[in-house]
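Me: Hey, can you walk me through this protein? I'm new to reading structures, so plain words please.
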Amino acid sequence: MKRYALIALLLAVVLTACGRPTLPPHSGAVSEGLSPLQLVTQHWLSGTQRYLCRQSGVLKLSWREIPLQGVLRIDCAAHEARLVAMDSMGVKLFDVTVTGEDMSLNYLLPLLEEHPQLPKVVAQSVRRIFLTPQPQAGDRLLPRCDGQPYRLVSNVQSGAEFTFGGDPIRLQTTRVATDDENWQVDYFNDSDSAMLRTPTMIVLDDKNYRLTLWMEAVRKL
């Protein structure tokens, strides 16, 4: 019965989340004449700040869709993030710490022990969205015509490319395409806060899964 109750609660969350509007990531005017440094400094994860984020989301696997919500702490200087994932009643599902190269599982709900891949997939997604790769001032700017988005090719990670657009300028897409990896992150609907511009919706597409996140609240620590 506990398992069915948990699934029912998670289903309620996903039904609520699926009704939210989406906008194309590559829309709006584009500021002209910007350098890679000017592009990168506009990205909210480019500094050494720490953030606390409240978010909900849906992880779509080949065999099922799993709604999630949680609290994410990001330390940009340490290149580390910690996610506590919960159900809609606040029951902790798992707790994972993620770095650029590794992850550690701090807690896993016993009901989920038969699905050890779940926290691993979520941890990989957290790494790709919030930690690495990230655009750098030394990245190569591809030629463009006026009005087109800016595209930076990473000098750090092979196969990584970043697309900036809009006015004010913001990161709209991160894409990695190599022999081993092929995935893309789109960032939608910047928040209206003049003090902190962050996406309100993020979609990660991998060949094996899709993760959609809604950033309910973000604040600096």
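Me: Let's start in strand 3. Which residue there is the bridge partner of Leu 72?
Reply: That's Leu 83. Keep in mind that we're looking at a predicted model. Strand 2, residues 65-75, and strand 3, residues 80-86, pair in the antiparallel sense, with seven bridges between them.

Me: How many residues sit between strand 2 and strand 3?
Reply: Four, and the two strands form a hairpin. Look at His 79 in the turn: its phi is positive, about 55°.

Me: And what about strand 1 and strand 2, how many bridges join them?
Reply: Eleven, and the two strands run antiparallel. For one spot to look at, find Leu 52, which stands opposite Arg 73 in strand 2. Strand 1 and strand 2 also form a hairpin, with four residues between them.

Me: What lies in the loop between strand 1 and strand 2?
Reply: Ser 62 is one residue you'll find there.

Me: Is Ser 62 buried or exposed?
Reply: Exposed, because its relative accessibility is 73% and the cut-off for exposed is over 50%. Check Tyr 209 too: Ser 62 and Tyr 209 are 147 residues apart along the chain, yet their C-alpha atoms are separated by 6.8 Å.

Me: OK, zoom out. What's the order of strands in the open sheet?
Reply: There are twelve strands in the order 5-4-3-2-1-12-11-10-9-8-7-6, and the pairing is antiparallel.

Me: Which strands stand at the edges?
Reply: Strand 5 (103-108) and strand 6 (140-141). Each has a single partner strand, so one side of each has no neighbour in the sheet.

Me: How many bridges does strand 5 make with strand 4?
Reply: Five, and strand 4 (residues 92-99) pairs with strand 5 in the antiparallel sense. One of the pairings is Thr 97 with Ser 104 in strand 5.

Me: Which helix packs on the sheet?
Reply: Helix 3, residues 117-131, does. Among the strands helix 3 touches are strand 1, strand 4, strand 5 and strand 12. The direction of helix 3 makes about 45° with that of strand 4.

Me: New topic: charges. How many salt bridges does a search of the whole structure find?
Reply: Six. The general idea is that side chains of opposite charge can pair when their charged atoms come close. Here, Arg 82 forms a salt bridge with Asp 95, with the closest N and O atoms 2.7 Å apart. That pair links distant parts of the chain, since Arg 82 is in strand 3 and Asp 95 is in strand 4, 13 residues apart.

Me: Is Asp 95 buried or exposed?
Reply: Asp 95 counts as buried, at 4% relative accessibility. Arg 82 is partly exposed, with a relative accessible area of 31%.

Me: Which residues are linked in a network of salt bridges?
Reply: Arg 128, Glu 181 and Asp 206. Glu 181 and Arg 128 meet through their side chains at 3.5 Å, N to O. Glu 181 is in the loop between strand 9 (170-177) and strand 10, while Arg 128 is in helix 3, so this salt bridge ties together parts 53 residues apart in sequence.

Me: And how far apart are the closest N and O atoms of Asp 206 and Arg 128?
Reply: They're 2.8 Å apart. Asp 206 is in strand 11 and Arg 128 is in helix 3, 78 residues away in the chain. Both Asp 206 and Arg 128 are buried, whereas Glu 181 is partly exposed at 29%.

Me: What about the greasy part? Which residues touch the most other members of the largest nonpolar core?
Reply: Trp 44, Leu 59, Ile 74, Phe 94, Ile 129 and Phe 130, out of 51 residues in that core. Helix 3 gives the largest share, eight residues. As a general rule, nonpolar side chains in soluble globular proteins tend to be buried together.

Me: What is Ile 74 in contact with?
Reply: Setting aside its neighbours within four places in sequence, the contacts of Ile 74 include Trp 44, Leu 45, Cys 53 and Phe 130.

Me: Cys 53, huh. How many disulfides does the count come to?
Reply: Zero. For Cys 53, the nearest cysteine sulfur is that of Cys 76, 9.1 Å away, and a disulfide needs the two sulfur atoms within 2.5 Å. Cys 53 counts as buried, at 1% relative accessibility.

Note on methods:
Residues numbered from 1 in each chain as written. Predicted model: local features only at pLDDT ≥ 70, side-chain atom pairs only at ≥ 80, totals over all residues. Heavy atoms only, no water. Buried < 20%, exposed > 50% of the residue type's maximum accessible area, 1.4 Å probe, protein only. Pairing = 2+ DSSP bridges. Contact = heavy atoms within 4.5 Å. Axes fitted to C-alpha atoms, helices over the stretch in contact; angles between N-to-C directions. Salt bridge = Lys/Arg side-chain N within 4 Å of Asp/Glu carboxyl O. Core = buried A, V, L, I, M, F, W, Y, C linked by side-chain atoms within 4.5 Å.
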